[in-house]
Amino acid sequence: MSGEAQLLPGTLDLLILKAVSLGPLHGYGILLRIGQISGQALLVEQGALYPAFFRLVRQGLLKAKWGTSDNNRRAKFYELTAAGQKRLRAETEGWQRLAAAVASALAATPEKL
Amino acid sequence: MRLFRRVPDDDVDEELRSHVLLRADDLERSGLPRDEAERRARIELGGALRYREECHDAAGGTGLESLLQDTRYGLRVLRKAPTFTAVAVLTIALAIGANAVVFAALNAIILRPLDLPDPGNLYSIHRIVGKSAAQSYPDYVDLRDRNTSFDGLAAFNFVIAGFDSGTNPLRSWGIAATGNYFDVLRVQPYLGRLFHADDEHGPNSASFVVLTHAFWHAHFHDDPSVIGRVVQLNKHPYTVIGVTPPGFHGTLLFFSGDFFVPLVNQEELTGTPFLAVRGDHVLFMALGRLKPGVTRDRAAADLDAISAQLEKDYPKDHKHAAVTLARPNLYGDYVGGPARAFLTALMLLAGLILVAACANLGSLFAARAADRTREIALRLALGAGRSRVVRQLLTEAMLISLAGGALGLWGGLIVMRWLVAWQPFPQYPINIPVNPDARVYVAAALLALASGLLFGAAPIRQVLRTDPYTVVKSGPRTTVERGFSFRDVLVVAQIAICAVLVTASLVAVRGFMRSLHAAFGFEPRDVVLAETILDMAGYRPDQVAPMQKRMMEAVATIPGVTSAALVDWPPLATGGGNSPSVYSDSASEFTARTAAASVLQLRVSPSYLATARTTLLAGRMFSEHDDAGAPRVAIVNTAFAQKLFGSAVAGLHAYFRLDEATRVQIVGIVETGRYASLTEPPQAAMFLPLLQAPSSDTWLVVRSSTDLSIIATAIRDRLHHLDAALPVTIQSWDQGMDLARFPARVATVSLGVLGIMGAMLSLSGVFGMAAYSVSRRMREFGIRMALGAPRKSIVSAALGRALRLLALGSAAGVALGLMGARVLASIVWQATPRDPLVVGGVLTVMVLLGLLATWIPAQRALSVDPLALLRQE
């Protein structure tokens, strides 16, 4: 699909943190939320999410507990920790700086030099 | 952080399942039927198994988790190559087993101290020429009372006695010890009491006997009421007063006797007075406990000063060398020296076996890793870290080395149990206490781990060099290696080590074979020996000679017996006899310093030399008329003549003196034989007629032309007929020489085993390398053959390298082995490396091994079918 973009390496963790920062979610919910907030533009491989969850939990950025979903299914819910919030802020700034720099580089025209 | 942080599989599975259900709910809502929705959801999620593994990794599945993974994978890989695994495990098992046994022996004999309180400050005292620990009793008393360095000085001696507790009399060995013996050693009784210094009140004043635990267990069935009972030792009554703790059998490692009696009572047991004889070094060993803070050197200097004073006071009886102190358990350097040297050498050789096995397995593993280049490259390409791949290979090596180590240790324990139970000499209470302890297990485990790391590390460089992309694209390289690779060095080293072992074992075996067929100065074949100790059976000195005459006459008439004689100690069959000093005829002073020589003395009946087939070179044999009433005569050997008269044939009819009053004429000269040990230098010896120099402890020497066991039974019958209560020990002279041959036999057997192991290792090493090089170049050979290359050039291409390495390794090994064989000469008689047969033998063995090892690979190389091979590609 032309509307979808490939994920850059390292951006999956950032997207997960962002998605969870908007409220506790289970794994499938995070998948949906990423699609929703990216306007269905970013494609995440479903299975690849889970190793990322475990990695983030181990790094202390997320915490997980079992609960019940809206339609009464048992599911594991993820929540941002304080360290996770700090990391999200730092990575967001870093990403924005990078994006701005790349955008300005790409916007360069001969006249502006 | 916890080492083992395992996310339960259930947890991951449940989360993935929950994901599938939630996704299916959504799909169902969009109109799909439920089962189709779940199927679709599952497909969308992809390989759950893979994600599960990744989740474990992501959750920190390092450490034990990945170790378990590696182990599982390693087991799978090894199970797929059963031959390789079996060969590798057996190789390492042999090497670890050999090391475990040798180390256990080293540990038990050299490293482990005596099992007594504070064994570190117990020392034996060696102060006469030849490093013997023997002392005379008066000297011992002076040393004990005058020294300022020891907390106590004890001494002991061996006694052999008829032990009669009312049932059947036993011939048993014991220790006659000074009263302070148990107190110096700090031994506590297991039962009853032990004897002490205040039990001694002069000669034969303390008729007490203390039993060892083993003897009490075996002959009194742990009966505590034995305390207080009176038993007969050589027909003298002794009261049993106690039992020593289990495991205590004196201070000598190899000797385990049955009982302890006070030394002051030894005179009545052996019939020889010695308590007041300063010149007679009867005591086997004096040993003592250093006072706290006294160094070994200071104690030796202290004893030296006393010795010097004794020498001044008693010049007639005294001659001493510098005092040395040694560990008492191995009789100082006398046994300890050769034992230590031999065990150290053996440990070294066993270590070499292990190194050779590691080199062998290292090259096999490297070859295997090369064959698995594709697999390794694939794993690297799929994102496995190189460290993870190396870890995987190391895990496989570890699995093999641990399995091999366990198997080897198990085999080693069986050998050790057998060694402990082994009584090499039925007539002596000697055994080899090779009991394994924790140290042995730890050493075996460490060796297994270390060797696993060692040979597992061989392929690491190769893995690190692997470039996944080129390998996956073009397949493993099939280029011919030029120059020497690391693997070649391993093979050469291994073959060299194996050649050393083969050389050493051939040198030993050859020396041993020669020692069996050497000239001893007598002919031990077809001779039965029967020992009787008449005073032990209650004979008075004046009854001894007539009884001995009757015994000789009784056995001489047994059918098949060609001659019979008496000797007080048959050469090479017992530890050795007395070596009194002799003086030249013109001597006016008779002190130890003025003695012409110290010579072995054999007391014999007239027919002994003829019966033993000792060649008379000049003069005459003894006759019945050389008795107590006749002038003293002697027959001497050529070494004696050489020493006293300067030439091997001089001195016939000359005189020498045994002491001031005893002038002896030499009436015959015989060849010089071997007397105490097979490796001894020529020893001066003299033969004296038993009638002029009586002894109640003699051996009947019976030569016969029939089966020795029949003769032995007949001798027992005849002697029983003469005196039913007389204990007799019967053995063939050949058997009796087992003790003399023992060091050579042990050396030969152990080196032979190591040599065979070495040969097997080099066989498998060369085979592995040749087979590998052939299998790698099969395609090349196919092409060559298709292009018409002659078979000879194929074979030389296939095996030339292997054979060159074999030749190089063998040459290095033989050179090293011949240098090392010099050490052997001190243990195995006539072991000489400069023996064409040995050199030839080693070369033949190595060539045969080479041919054997390369035969199958060569056949494989020649059987290449070029068409089939090229089709496969």
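**Rings and side chains in a predicted model**

Reader: How far is the charged end of B:R193 from the centre of the ring of B:F208?

Author: Keep in mind that this model is predicted. Here the charged end of B:R193 sits over the ring of B:F208. The distance to the ring centre is 5.3 Å.

Reader: How many aromatic pairs does the structure hold over all chains?

Author: Happy to help with that one! Counted over all chains, the aromatic pairs number 25.
One of them joins B:F163 and B:F220, with 6.4 Å from centre to centre and 65 degrees between the planes. That pair links distant parts of the chain, from strand β2 to helix α8 of chain B. So one example is B:F163 with B:F220, an edge-to-face pair, and planes over 60 degrees apart count as edge-to-face. The total asked for is 25.

Reader: Is B:F163 buried or exposed?

Author: Buried means under 20% relative accessible area. B:F163 has a relative accessible area of 1%, so B:F163 is buried.

Reader: Which kind of pair do the rings of B:F163 and B:F259 form?

Author: Good one to reason through! The ring centres of B:F163 and B:F259 are 5.9 Å apart. Their planes stand at 40 degrees, so the pair is tilted.

Reader: Where is A:I34 found, and which residues is A:I34 in contact with, leaving aside its neighbours within four places in sequence?

Author: A:I34 is found in helix α2 of chain A, and with a relative accessible area of 0% A:I34 is buried. Leaving aside neighbours within four places in sequence, its contacts are A:L15, A:I16, A:A19 and A:V44.

Technical notes
Residues are numbered from 1 along each chain as its sequence is written. Chains are lettered from A and ligands numbered from 1 in the order in which they are written. This is a predicted model: local features need pLDDT of at least 70, side-chain atom pairs count only at pLDDT 80 or more; totals for chains, interfaces and linings use all residues. Side-chain values use heavy atoms; hydrogens and water are left out. Helices (H or I, at least four residues) and strands (E, at least two) are DSSP runs, numbered from the N terminus. Buried means under 20% relative accessible area, exposed over 50%, partly exposed in between (1.4 Å probe, protein chains only). Contact means heavy atoms within 4.5 Å. Rings of Phe, Tyr and Trp (its six-membered ring) pair if their centres lie within 6.5 Å; planes under 30 degrees apart count as stacked, over 60 as edge-to-face and the rest as tilted. A charge sits over a ring if NZ of Lys or CZ of Arg is within 6 Å of the ring centre and within 35 degrees of the ring normal.
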